[in-house]
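Hi everyone, thanks for making room for me today. Let me put the structure up on the screen, and then I'll walk you through how its pieces fit together.

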Amino acid sequence: MSTPLNEEKLSYLIEKSSKARHLIIQTVHHAGAGHIGGPMSASDVLVNLYFNEMNVNPENPADEQRDRFVLSKGHSAIGLYAVLALRGYFPTEELQTFDSLNSRLQAHPDMNTLPGLDMSTGSLGQGISAAVGMALGAKLQNKEFRTYCMIGDGESQEGQVWEAADIASKYKLDNLVVILDFNKLQQFGWQGKGGASRATPINEPKQRWEAFGWHVIEIDGHNHQEISKALSHAREVTGKPVMIIANTVKGKGVSFMEGDYLWHSRIPTDEELSSASEELEMGVQK
């Protein structure tokens with residue numbers, strides 16, 4: 001059974017989440033390119049993985065015994081970069097090179113240039129297949145590391161996601177945990193009511209993943225207690241891969257960005273950056 005986070009650890013994780021979101025917005029503003037909405041919705045899960053759950057060591061990023069992580073929704077790379085920087089994989093100042101020529105921090109993750117990345121991603125649907133391969137490889141070699149993967153709900157429209165889901169279930173990969181960043185909003189897609197919104201990218205994800213033979217856990221993806229409990233629970237599951245459906249809000253942390261598909265990849269102005277930074281700072285102080 002999982003033990004609830006104490007107040008000190010909970011405050012620590014909340015502060016890291018806020019710092020990650022601040023770095024995301026600052027970096028995209030500075031680069032004049034990048035995504036915001038998806039990285040913001042994923043920040044709490046990413047922070048919990050790297051600061052609370054996974055067995056990783058920034059001083060030895062290629063350790064064979066480390067846990068693996070694959071960001072299948074690779075367009076949210078800046079969210080992962082921000083967390084890796086905070087975790088000590090590289091200086092936070094390097095974020096200012098994001099998406100520039102010869103930078104290690106390209107718009108999509110490149111495992112050949114940046115230590116700490118376990119897979120290059122960007123073509124939606126393909127990252128989860130790599131994660132399945134890592135988990136299967138660990139089983140075949142009797143290695144104890146666990147593999148974690150984050151996918152998007154828009155990405156879940158890709159058939160390859162479900163081919164990977166089927167294989168993971170077939171081989172009983174209980175060392176694999178996939179997290180669905182279920183922010184229910186994608187940049188392009190069917191219009192929602194009134195034409196100013198977007199229809200939910202995927203319906204009934206719990207039933208779908210259960211039908212593919214996965215153990216499914218549903219949580220509030222912005223609640224560190226729930227995230228920690230789900231990840232702990234996943235370690236106790238045997239004979240099945242685990243899907244954690246993290247219900248999130250696109251653009252989480254900044255009120256004028258939340259739930260607005262236009263912030264999928266919009267660049268904040270100087271005024272919007274200032275307003276967002278102030279709001280994130282106030283959120284930590286509450």
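Helix α4 passes helix α5 in a left-handed crossing. This is a predicted model, by the way, so please keep that in mind throughout. The axes of α4 and α5, which is residues 159-170, come within 8 Å and cross at roughly 15 degrees. An angle under 35 degrees counts as roughly parallel, and therefore that is the description for α4 and α5. On the α4 side, the contact is made by I128, S129 and V132, and on the α5 side by Q160, V161, A164, I167 and A168. Sorted by class, the residues of this contact are six nonpolar, two polar and no charged.

Now, let's go to the sheet. In what order do the five strands of the open sheet run? The order is β1-β2-β3-β5-β4, and the pairing is parallel. β1 and β4, residues 215-220, are at the edges with a single partner strand each, so each has one side without a neighbour in the sheet. From one strand to the next, the twist averages 20 degrees.

Let me take the two edges in turn. At one of them, β4 pairs with β5, residues 242-247, in the parallel sense over six bridges. If you want a pair to look for there, D220 has N247 in β5 as its bridge partner. Our helix from the start comes back here: α4, residues 127-140, packs on the sheet and touches β1, β2 and β3. The direction of α4 makes about 165 degrees with that of β2.

At the other edge, β1 and β2, residues 147-152, pair in the parallel sense over four bridges. F69 stands opposite Y148 in β2. As a reminder, side chains in a regular strand alternate between the two faces of the sheet. So what happens on the two faces of β1, residues 68-71? Both are covered: R68 and V70 are buried on one side, and F69 and L71 are buried on the other.

Next door in β2 we find T147. Is T147 buried or exposed? Its relative accessibility is 0%, so T147 counts as buried. Beyond its neighbours within four places in sequence, T147 is in contact with R68, A131, M134, A135, N175, L176 and V177.

Let's move on to the helices that come earlier in the chain numbering. Two packed helices are described by the angle between their axes and the distance between the axes. For α1, residues 7-31, and α3, residues 77-87, the angle is about 125 degrees and the axes are 9 Å apart. α1 and α3 are therefore oblique to each other, and their crossing is right-handed. The contact brings together K16, K19, A20, L23, I24, T27 and V28 of α1 with I78, G79, A82, V83 and L86 of α3. By class, that makes eight nonpolar, two polar and two charged residues in the contact of α1 with α3.

Helix α3 also packs with α2: their axes come within 9 Å and cross at roughly 35 degrees. α2 passes α3 in a right-handed crossing. P39, L46, V47, Y50 and F51 of α2 make the contact with I78, G79, L80, V83, L84, L86 and R87 of α3. Here the residues divide into ten nonpolar, one polar and one charged.

One residue of that contact deserves a stop, and that is Y50, which sits in α2, residues 37-53. At 3% relative accessibility, Y50 counts as buried. Y50 and V83 are 33 residues apart in sequence, yet their C-alpha atoms are 7.5 Å apart in space. Setting aside neighbours within four places in sequence, the contacts of Y50 are V56, F69, L80, V83, L84, R87, Y89 and G116. You'll recognise F69 in that list as one of the buried residues of β1.

Last, a couple of backbone details for those of you who like torsions. Most residues other than glycine have a negative phi. Which phi does N142 have? N142 is not a glycine, but its phi is positive, at about 55 degrees. N142 lies in the loop between α4 and β2, and with a relative accessible area of 69% it is exposed. E204 also has a positive phi, of about 50 degrees, and it is not a glycine either. You'll find E204 in the loop between β3 and α6, where it is exposed, with a relative accessible area of 53%.

That's my tour, and I'm happy to take questions.

Definitions and conventions
Residues are numbered from 1 along each chain as its sequence is written. This is a predicted model: local features need pLDDT of at least 70, side-chain atom pairs count only at pLDDT 80 or more; totals for chains, interfaces and linings use all residues. Side-chain values use heavy atoms; hydrogens and water are left out. Axes are lines fitted to C-alpha atoms, for helices over the stretch in contact, and angles run from 0 to 180 degrees between N-to-C directions. Angles under 35 degrees count as roughly parallel, over 145 as roughly antiparallel, 65 to 115 as roughly perpendicular and the rest as oblique. A crossing is left-handed if the near helix is turned anticlockwise from the far one by less than a right angle, and right-handed if clockwise. Contact means heavy atoms within 4.5 Å. Ala, Val, Leu, Ile, Met, Phe, Trp, Tyr, Cys and Pro count as nonpolar, Asp, Glu, Lys and Arg as charged, and the others, Gly among them, as polar. Buried means under 20% relative accessible area, exposed over 50%, partly exposed in between (1.4 Å probe, protein chains only). Two strands pair if DSSP finds at least two bridges between them.
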